[in-house]
Every structure is written in structure tokens, then in C-alpha cells.
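These notes are meant for a colleague meeting the structure for the first time. Please read the numbered points alongside the sequence and the model.

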Protein chains: 2
Amino acid sequence: MPQEPVTVWERPERGARGPAPERSRAQITAAAIELADAEGLAAVSMRQVAVKLATGPASLYRYLADRDELFDLMADAVAAEVDLTAPLTGDPVEDLLVLALQSKEVHLRHPWLLDIPTEPLRLGPNGLDYLERALRALAPAPLSEQSKLETIGLLNALVTQFARAELHAQRSPTERQKAQATYLIKAAAEGRHPLVAQALAGQTASNADSRPQSHFAPLVRRVLVGLTS
Amino acid sequence: MPQEPVTVWERPERGARGPAPERSRAQITAAAIELADAEGLAAVSMRQVAVKLATGPASLYRYLADRDELFDLMADAVAAEVDLTAPLTGDPVEDLLVLALQSKEVHLRHPWLLDIPTEPLRLGPNGLDYLERALRALAPAPLSEQSKLETIGLLNALVTQFARAELHAQRSPTERQKAQATYLIKAAAEGRHPLVAQALAGQTASNADSRPQSHFAPLVRRVLVGLTS
DNA sequence: TAATACTGCGATCAGCGTTCGCACTATTAG
DNA sequence: CTAATAGTGCGAACGCTGATCGCAGTATTA
């Protein structure tokens, strides 16, 4: 027998009998995203989401199997913020770059995305559209299927990496981060890590320009050119 | 006044007064790593670690400020498994590749590393040595300090990405993963994502060769050549 | 009209990270 | 030698978490 449907995406939103649900997955997702945008992913507990919807925690389990599925819904919801309608140029590098830039914007808008535990194949309908688009952009490149997927994965890794760095730069540091920074400086000044000290100096010097110039686009371009040649 | 020491690395392991501690950070770290290796990072709760050390949870807080510091210790402990003593060749690409390969091995040996929440500057003494080594490898390359750090960051992103993929391939899939996979297949077969379907087919075909050949080394080389030229 | 399948949700469970306060002990100061 | 001090071990507890169970109420089907 073929195992009942299991992902949120396949499981029907409501049954055919009984009273109409008073809420919807979309509403719950929206409430969760609002919470996460305002107070971080840690604030997205079943209880707090329930409070926001004026119900009890147990009720949410009529809509979701568990908290992880809520993450699925949240991630896929914001994936829809990427525009996939613009025409492709035919240049894999430029077309992928457009995608990556947008994806990075989404991450900056929803920093909690970086806190969602990485699951293999966490991909909803919108994520699927995104992937299809990336593969379309990559179609002209003479790569194996596996290499294409690896390239897209690498691109996503770059997106999250730079999103993290930019968020880190623009947010005021926590106590922990200040402590870590002073430790690093002190340790580097000890003399046994001269190159780290030098890199640190260069880093703070470039910050003194107060130009948070990100090298994202040029770096992505270089990497993609190297991979799709 | 200069704020009391705050990172685990600066805070002295024991005070000058009072009885000698019955345990050490190293012991606690070892117990936590054993737990994590065997049952995953989720099993590393203060209580379970305490049980493993035949003590109470509250006692651990004489050694650590919080659970996150335990992660610091764990990550830095396994960072020591990378060999940094071999002589450098002088070729940044090859020298960094050696580092990356080792780092990936560490991740395969300790999969829970991928579950530790990414914090900016989570870097202990061993992590610092690793960073210094990477900068040494990169010294011959004509790059700005910032670009060097970005390159190393990208390298680490590649390491985690491939480690994740390889672990995913070699572990038997969870219920969730099976469900996600069947959803993906079904959705791709629907016709609106032809390229995803094609990529999926190519993926399962290459798996049929049962050769889990990783493209890690060649891909890292290509990326690094592109970035350090 | 009866059976059925669904909904909302209060009560509750087990587990979590962390804090408090107390008994105890080694070191230091007088 | 004694008293003050700072450190240690840890039982008990607090507030929070994700999740389950069972029951009352409701819309659909037979």
C-alpha cells in the first residue's frame, strides 16, 4: 500500500466532512512570518503563533504536522518574493546573478531564513519554481545535470554566506559578538597569528570607510564564469 | 572599566580559591562530543551531558556560561583534528584544497558540526590556527585582505555544502526525506518543471552507478583558480 | 435519522536551559 | 590559629517548549 500523503504540500488543507476550519495554513504562515520578522525565529513557537491567532497551541496541529512543517511553509512563502517573470537573457552568468541578487534581498528582508535548520530537499511549490528557473538559466551551459545542481547549490551557499555577512555588519553586535571580537583581537595581537592580525586590521580599516561595499556581484560573476565555461 | 572576560577562551578554567573542580572543560567537551557523535546534536542537552558525567545539570554551569559555549568548545575541539603541520607547497589552490579536504573529513566524522547554529566569529584557539594557516596558504595570491577572508569563507561554505550532500547520500533517508523526495518526483512529473524532472532523472541515474563520486576536489580547484588568479 | 469524519481546544506530559540558595571546602588576610 | 572570602557541587525549582489525548461540537454522507 502506498503510504498516505506526507508532505504539507500534498496533504489536503481540509477534510470533506466536519465544520469548516476557522483558520488556514496561509493565515498561520503569515502570522509566523510576522513574528519571525519582528522578533526572530526563536519567537516562532507554537504558543506564540497561537496567541497571535487568538487560539490554543493544540489547534495549530489541525493544520500542521509539526513545527518543522511551519518552517517549510514560511520558507516557501517568502520564496515567492523572487520575481521569475522577467525574460532570460540567455547568458547563464547574468541570469543566475539576477536570481542570486533577489534571493539575497529576500534573506536580508527575512533574516530568520538563515536560522531555519537546513534540511535536504526542503522545497515547496515556490522553491520548485525557483529551481526550475535556475535550471533554465543554466540550460545553455555545457554541464552535466549533476554539475548544474551543484552550481545552483553553490550559488545558494554564496547567497546565504553574503546575506549573513551583510546582516552581521548592519546589526548592532550582541554581547557575545563583542566578546568574541575582543578575544580575536587580543589573540591575534599575541603574535602567533600575524596574518590573522593583518587581515583583521585590513577589515577594520575598510570598515572605517563606512562603505559596507559588498563584493557579492563581482564575486558571484567570477565564480560562475569559472564554473559554466 | 574593562568588562570582565567573557569568552570561554579567556575565562580561567578555575578560580584560585575553593576546592579543586571535580571535572574539567575538556572532560565535559569530550562527553558532549561522544554524545553528539552517537546520537546527534539534539542529544547534547545539559541534562544528558550531566548524566554522562554522573552529575547534575546545574553543576555544568560552573564550567560553562551556557549551552552555546559548549558548542564553542565542541567545534574547536574537533577543529584540532585538522593537520596543520605539513609544509606548504606555495600554490594557494593546492594548499587550500588540502585544508578543505581535511575539513570535510572532520565534518563527515562529526556530522553534528552542521547542526551547530552558525554564529559570526565562533572561533577558538584551534579555529584561529586553522584561519592563520589558510591565510598563509593564500599569502602568495594577489588579493586584498577582505578578498582573502571572503575566499576562505567561500571555501568553508563549499566544505559544509559537500559534507552535507555526502552525508545525505550515505545516510538512510528519514520518513520526512522519503516524503519530500516522492513529492518532488510527483511534482516534477506534472510537466510544469521539465528541467527539474530532467535533473532529477540525471541524479538518480548517476546514483544507479552506485559510485558516490564526489566532484569536490575538481570543483574546489576550479573555484579557487578563478578567485586567486 | 444515524453514522461518520472532521474541527477546536483545555489539560497535560516530558523535556528543555537556566537560576537560586545552601552546605561544604580550600585559600588568603589578619 | 582564626576569620573572612571565594570557589565548588548540586537538589529544587521556574518558565518555557513541542506535542498528544480525549472530549464536545458540527457538517457531511448513508
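1. Helix 2 of chain B contributes three residues to the surface near DNA strand C, the most of any element, where near means that a heavy atom of the residue lies within 4 Å of the strand. Helices are DSSP runs of H or I with at least four residues, numbered from the N terminus. Helix 3 (57-60) of chain A, helix 2 (46-52) of chain B and helix 3 (57-60) of chain B each supply at least two residues of that surface.

2. This is a predicted model, in which local features need pLDDT of at least 70 and side-chain atom pairs count only at pLDDT 80 or more, whereas totals for chains, interfaces and linings use all residues. Residues are numbered from 1 along each chain as its sequence is written, chains are lettered from A and ligands numbered from 1 in the order in which they are written, and side-chain values use heavy atoms, with hydrogens and water left out.

3. DNA strand C is surrounded by 28 residues, and the closest are A:E22, A:T55, A:R62, B:R47 and B:R67. Of the strand's atoms within 4 Å of the protein, 58% belong to sugar or phosphate, and the rest belong to bases. A polar side-chain atom of A:T55 lies 2.5 Å from a phosphate oxygen of the strand, and an N or O atom in the side chain of B:S45 is 3.0 Å from a phosphate oxygen. For B:R47, by contrast, the partner of the side-chain N or O atom is a base nitrogen of DNA strand C, at 2.5 Å.

4. How are the two protein chains related? Chain B can be laid on chain A by a turn of 180° and a shift of 0.0 Å along the axis, with an RMSD of 0.0 Å, the superposition being by least squares on the C-alpha atoms of residues with pLDDT of at least 70 in both. The two copies are therefore related as by a two-fold rotation axis. The same surface serves both copies, since 100% of the contact residues of chain B recur in chain A; contact means heavy atoms within 4.5 Å.

5. A search of the whole structure finds 26 salt bridges over all chains, each being a side-chain nitrogen of Lys or Arg within 4 Å of a carboxyl oxygen of Asp or Glu. One of them joins A:E119 to B:R176, with the closest N and O atoms 3.9 Å apart. This pair crosses between chains, from the loop between helix 5 (92-109) and helix 6 (125-138) of chain A to helix 8 (residues 175-189) of chain B. A:E119 is partly exposed at 26% relative accessibility, and B:R176 is partly exposed at 22%, on a scale where buried means under 20% relative accessible area, exposed over 50%, and partly exposed in between (1.4 Å probe, protein chains only). A network of salt bridges links A:D68, A:D72, A:E119, A:R122 and B:R176.

6. Another salt bridge joins the side chains of A:K186 and B:E10, at 2.8 Å from N to O. This pair also crosses between chains, from helix 8 (residues 175-189) of chain A to the segment before helix 1 (25-39) of chain B. A:K186 is partly exposed, at 48% relative accessibility.

7. Within chain A, A:E22 forms a salt bridge with A:R23, the closest N and O atoms being 3.4 Å apart. A:E22 is exposed, with a relative accessible area of 65%, whereas A:R23 counts as buried at 19%.

How values were computed. A polar contact is a pair of N or O atoms within 3.5 Å; within protein, one must be able to donate a hydrogen and the other to accept it, and residues adjacent in sequence count only if both atoms are side-chain atoms.
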